[in-house]
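Q: Let's zoom in on the charged side chains in this one. Walk me through how they pair up, and what surrounds them.

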Amino acid sequence: MKDILPVDGRFEMVELPYGSGALGVVSAETLGFHYGKHLKAYVDNLNKLLPGSGLENMPISEVVRKAGGGLYNNAGQVLNHVMYFEQFGMANHEPSGELLGMIERDFGSFGAFQKEFEQKGATLFGSGWVWLSLNGEGRLVITQEANAGNPVRSGLLPLLTFDVWEHAYYLDYQNRRADYLAALWQIVDWQVVESRMGID
Ligand code: MN
């Protein structure tokens with residue numbers, strides 16, 4: 001996965017690779033609030049809480065692994081949202097090559113994987129994230145994480161995530177979380193997901 005490094009002890013907003021307009025099944029209004037307001041607030045809070053924490057100047061994955069309380073919540077939400085926003089795009093909407101082979105090996109088929117991923121996202125109670133990660137044995141696993149949770153806390157390598165906080169879908173889908181989850185496949189860029197299998 002691509003880590004995020006602080007610059008002079010502060011984290012900055014990442015640029016969206018596709019601009020601020022509508023992103024297929026995600027409206028420009030949702031993107032404006034989700035990226036421009038929610039992520040911005042997490043970044044600002046993280047930068048307020050970092051000084052004096054002993055975790056200054058560490059990559060964000062280290063902050064997420066080591067922090068507690070508010071610092072953990074905000075660092076987790078920054079890492080989660082950057083991974084979420086960066087994995088979308090206008091191309092490569094199906095996995096291929098090595099990653100497709102691993103999905104077929106561990107879930108039976110791409111369709112069976114999608115069904116399980118959507119189901120775990122739909123049944124996560126309250127706010128959180130559904131993740132596809134690589135475990136220490138090289139197997140793909142789907143996990144649910146509450147609130148700001150990220151699989152790096154459990155020693156997994158995170159590859160793909162769908163945000164199931166209501167702010168991610170309510171403007172476009174209201175209470176229909178399952179419809180939002182099913183629609184997101186149309187904008188996942190699997191080349192980005194595949195690039196996360198290496199560590200840089
Ligand atoms: Mn969110």
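A: Start with K40 and D44, whose side chains meet in a salt bridge with N and O 2.9 Å apart (that is, a side-chain nitrogen of Lys or Arg within 4 Å of a carboxyl oxygen of Asp or Glu). They sit four residues apart in helix α1, so about one helical turn separates them (helices are DSSP runs of H or I with at least four residues, strands are E runs of at least two, and both are numbered from the N terminus). Both ends are partly exposed: K40 has a relative accessible area of 35%, and D44 has 28%. The cut-offs there are under 20% for buried and over 50% for exposed, with partly exposed in between, using a 1.4 Å probe and protein chains only.

Quick housekeeping: this is a predicted model, where local features need pLDDT of at least 70, side-chain atom pairs count only at pLDDT 80 or more, and totals for chains, interfaces and linings use all residues. Residues are numbered from 1 along each chain as its sequence is written, and side-chain values use heavy atoms, with hydrogens and water left out.

There are eight salt bridges in the structure. Another one pairs D179 with R176, the closest N and O atoms being 3.2 Å apart. D179 is partly exposed at 38%, and R176 is partly exposed too, at 37%. Elsewhere, E62, R65 and K66 are joined into one network by salt bridges that share partners.

Then there's E86 with K2, at 3.6 Å from N to O. E86 lies in helix α3 and K2 in the segment before α1, so this pair ties together parts that are 84 residues apart in sequence. The two ends have contrasting surroundings: E86 counts as buried, at 18% relative accessibility, while K2 is exposed, at 53%.

That pair also turns up at the largest pocket: of its 13 lining residues, K2, D3, V82, E86 and R196 lie nearest the centre. The pocket's volume is about 200 Å³. On a 1 Å grid over the protein atoms alone, a pocket is an open set of points with protein on both sides within 12 Å along at least five of seven lines, a cavity is a set where a 1.4 Å probe fits but cannot get out, and lining residues have an atom within 4 Å of a point. Grid points are joined across faces, edges and corners, and the volume is the space filled by probe spheres set on them. Helix α3 gives the most to this lining, with four residues, and the classes split into seven nonpolar, one polar and five charged. Here Ala, Val, Leu, Ile, Met, Phe, Trp, Tyr, Cys and Pro count as nonpolar, Asp, Glu, Lys and Arg as charged, and the others, Gly among them, as polar.

Finally, a charge without a partner: R177, in helix α7 (residues 177–184), is buried but has no salt bridge, and the nearest side chain of opposite charge, E166, is 6.2 Å away. Lys and Arg count as positive and Asp and Glu as negative, with His and the chain ends not counted. Beyond its neighbours within four places in sequence, R177 is in contact with G121, A122, L124, G126, V164 and Y169, contact meaning heavy atoms within 4.5 Å.
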